[in-house]
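Student: I'd like to go through this one residue by residue. Can you pull it up and take my questions?

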Amino acid sequence: MDREQLRAAQAPLKESYRSDPASAVVTLRATGRLGEDVSCNVETGRALVRAGLHPATGGTDLAACSGDMLLQALVACAGVTLGAVATSMGLIVRGGTLTAEGDLDFRGTLGVSKEAPVGFRDVRLRITLDTDAAEPEKAKLLELTERYCVVYQTLVGRPTVRMAYAADGGA
C-alpha cells in the first residue's frame, strides 16, 4: 500500500469520525474457552491459540504464554503502526525488526512473596529499521508510532479494567 492508497482508504473513515464521533468507538472482543491441563483456548479470528502456564509457573512450554502474547501484541501493533506512519510520511522503510522484552518476578504470580508484583515490572520495545531516512525523520516516525500505537498507549495509560463473573446456566 502506498501513501495515496492509505490516504484514500482512511479519508472516508476520518470524515465519518469527525462528523459522528460516536461512530469511531468500536468494541473489540476476545473470547476464550477453558481447556484441559490449566489452559484456555483463545479464538484469534484466524486460528485457535491454546494458552497455558509459563514454565516458570509449572507449565510445559507446549502452550502459548499469555505474557508472551501481550509482548507479541505490542510488537504487532507497533509494527503495523510504524508501517502506516512511515507510509503517511512518505518514508521508504525496506525492513526492520521489533523486539519486545518484559521482566516478570514469578514470586508474585505464584504467591511466594506479597512484595513481588504480579505482572510485568518493566517492558522494553526495541525497533531497528532499514531506511535511508534522515535522523529527524526517523525520530518523528518513532514519536508518531509511540503516539498512535494502541497497545503501547494502553500499557502506558493504565486503562480501567474490570473483571466480573457471569453465570451462564451451565451451557
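Tutor: Sure, and keep in mind that this is a predicted model. Let's begin with the surface: Leu-70, Leu-155 and Val-156 make a nonpolar patch of about 220 Å² there.

Student: Where is Leu-70 found, and is Leu-70 buried or partly exposed?

Tutor: Leu-70 is part of helix 2, residues 66–89. Its relative accessibility is 33%, and buried would need under 20%. So Leu-70 counts as partly exposed.

Student: Let's move to Thr-57. Is Thr-57 buried or exposed?

Tutor: Thr-57 sits in the loop that runs between strand 3 (48–52) and strand 4 (64–65). The cut-off for buried is under 20%, and Thr-57 comes in at 16% relative accessibility, so the verdict is buried.

Student: Which residues does Thr-57 touch, leaving aside those up to four places away in sequence?

Tutor: Thr-57 is the loop residue we just placed between strand 3 and strand 4. With residues up to four places away in sequence left out, its contacts are Phe-106, Thr-109 and Leu-110.

Student: On to charges. How many salt bridges does the structure hold?

Tutor: In general, side chains of opposite charge can pair when their charged atoms come close. One of the pairs here is Arg-107 with Asp-105, where the closest N and O atoms are 2.6 Å apart. The count for the structure is eight.

Student: In that pair, which residue is buried, Arg-107 or Asp-105?

Tutor: Arg-107 has 43% relative accessibility, so Arg-107 is partly exposed. With a relative accessible area of 13%, the buried one is Asp-105.

Student: How many residues apart in sequence are the parts that Asp-130 and Arg-94 tie together?

Tutor: The side chains of Asp-130 and Arg-94 meet in a salt bridge, 2.9 Å from N to O. Asp-130 belongs to strand 6 (residues 120–131) and Arg-94 to strand 5 (residues 93–104), so the parts they tie together are apart in sequence by 36 residues.

Student: And is Arg-94 buried or partly exposed?

Tutor: Its partner Asp-130, at 38% relative accessibility, counts as partly exposed. Arg-94 has 46%, so Arg-94 also counts as partly exposed.

Student: Last one: which residues are linked with Asp-122 and Arg-124 in a network of salt bridges?

Tutor: Arg-124 and Asp-122 form a salt bridge, with 2.6 Å between the closest N and O atoms. Arg-124 is partly exposed at 32% relative accessibility, and Asp-122 is partly exposed at 34%. The residues linked with them in the network are Glu-101 and Asp-103.

Technical notes
Residues numbered from 1 in each chain as written. Predicted model: local features only at pLDDT ≥ 70, side-chain atom pairs only at ≥ 80, totals over all residues. Heavy atoms only, no water. Helix = DSSP H or I, 4+ residues; strand = E, 2+ residues; numbered from the N terminus. Buried < 20%, exposed > 50% of the residue type's maximum accessible area, 1.4 Å probe, protein only. Contact = heavy atoms within 4.5 Å. Patch = residues over 30% accessible without salt bridge, like charges linked within 9 Å, V, L, I, M, F, W, Y side chains within 5 Å. Areas by Shrake-Rupley, 256 points an atom, 1.4 Å probe, with all protein chains shown as cover. Salt bridge = Lys/Arg side-chain N within 4 Å of Asp/Glu carboxyl O.
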